[in-house]
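Dear colleague,

I am passing on the structure below, together with some notes on what turned up when I went through it. Please have it open beside this message as you read.

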Amino acid sequence: MNDRNLARGLFLVAISLAFGLTALRYPIGDFARAGAGLFPVVVSSMLLLIGIATVIRSRFVQKVPLDLHLKNIAIILGSLCAFAVITLLVNMTIAIVTMVFIATLAGTNYSWKRNVKIAIGLCLMALVFAKLLGMNLPLY
């Protein structure tokens, strides 16, 4: 299989099935009174539809060769690990900024101004989750 679109679609289908089938172990409830498994089932169902559409679309478009950039995968995984460690040791705000600046090293062009904007946006989202939704996030 040397078709990036087909591989992308199959990967989305596999991820959606893994999370969706796992979420079925939790009570689903209904939309009026949602159970713990409702949100993951809905999201994984939408992801499954996107994956199936991607697989079908891959049959009708020109094949794009699949190439893995292991260095970029390692950079992204490293940024996620740095986020987890820094969140535990310092706080989540510093971890978000660190993750953004490390993860963007995997891109084709690097802009510290764009990184600052992304980091501010993610920190604001985390603040919204903490203040409006009452989530216990170690932001400070």
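**A nonpolar patch, and the helices**

On the surface of this predicted model, a nonpolar patch is formed by Leu105, Tyr110, Trp112, Val116, Ile120, Leu124, Leu127 and Tyr140, which together have about 860 Å² of accessible area. One of these residues, Tyr140, sits in the segment after helix H5 (112–132), and it counts as exposed because its relative accessibility is 69%, where the cut-off for that word is over 50%.

Helix H5 itself is worth following next. Its 21 residues should span 30 Å at 1.5 Å a residue, and this agrees with its end C-alpha atoms, which are 30 Å apart. Buried in H5 are Asn115, Ala119, Cys123, Ala126 and Ala130; when one looks down the axis of the helix, these buried residues fall within an arc of 65 degrees, so they line one face of H5. That arrangement can be read alongside a general point: an α-helix has 3.6 residues a turn, so residues three or four places apart point the same way. The buried residues of H5 pack against H4, while on the other side of H5 the residues Lys113, Lys117, Lys131 and Leu132 are exposed. Just after the end of H5, Gly134 takes a positive phi of about 75 degrees.

Helix H4 (92–103) also appears in the description of helix H3, since H4 is included in what covers the buried residues of H3. Helix H3 runs over residues 70–89, and its 20 residues reach 28 Å from the first C-alpha to the last, close to the 28 Å expected at 1.5 Å a residue. The buried residues of H3 are Ile75, Ser79, Ala82 and Thr87, and, seen down the helix axis, they fall within an arc of 125 degrees, so that they line one face of H3. The face turned away from this buried side carries Leu70, Cys81 and Leu88, which are exposed.

Within H3, Ser79 can be looked at more closely: it is buried, with a relative accessible area of 1%. If its neighbours within four places in sequence are left aside, Ser79 is in contact with Met99, Ile102 and Ala103.

Turning to the earlier part of the chain, helix H1 comprises residues 4–23, and its 20 residues should span 28 Å at 1.5 Å a residue, which agrees with the 28 Å between its end C-alpha atoms. Asn5, Leu6, Ala7, Gly9, Val13, Ser16, Gly20 and Ala23 are the buried residues of H1, and they pack against H2.

From the H2 side, Thr54, which lies in helix H2 (residues 38–58), touches Asn5, Gly9 and Leu12, not counting residues up to four places away in sequence; of these, Asn5 and Gly9 are among the buried residues of H1. Thr54 is itself buried, at a relative accessible area of 16%, the cut-off for buried being under 20%. Pro40 is also in helix H2, but it counts as partly exposed at 31% relative accessibility. The C-alpha atoms of Pro40 and Thr22 are separated by 8.9 Å, although the two residues are 18 residues apart along the chain.

With best wishes

Key:
Residues are numbered from 1 along each chain as its sequence is written. This is a predicted model: local features need pLDDT of at least 70, side-chain atom pairs count only at pLDDT 80 or more; totals for chains, interfaces and linings use all residues. Side-chain values use heavy atoms; hydrogens and water are left out. Patches are made of residues with over 30% relative accessible area and no salt bridge: like charges are joined within 9 Å, nonpolar side chains (Val, Leu, Ile, Met, Phe, Trp, Tyr) within 5 Å. Accessible areas come from the Shrake-Rupley method with a 1.4 Å probe; for residues, only the protein chains shown count as cover. A salt bridge is a side-chain nitrogen of Lys or Arg within 4 Å of a carboxyl oxygen of Asp or Glu. Helices (H or I, at least four residues) and strands (E, at least two) are DSSP runs, numbered from the N terminus. Buried means under 20% relative accessible area, exposed over 50%, partly exposed in between (1.4 Å probe, protein chains only). The expected span of a helix is 1.5 Å times one less than its number of residues. The arc is that of the directions from the helix axis to the C-beta atoms. Contact means heavy atoms within 4.5 Å.
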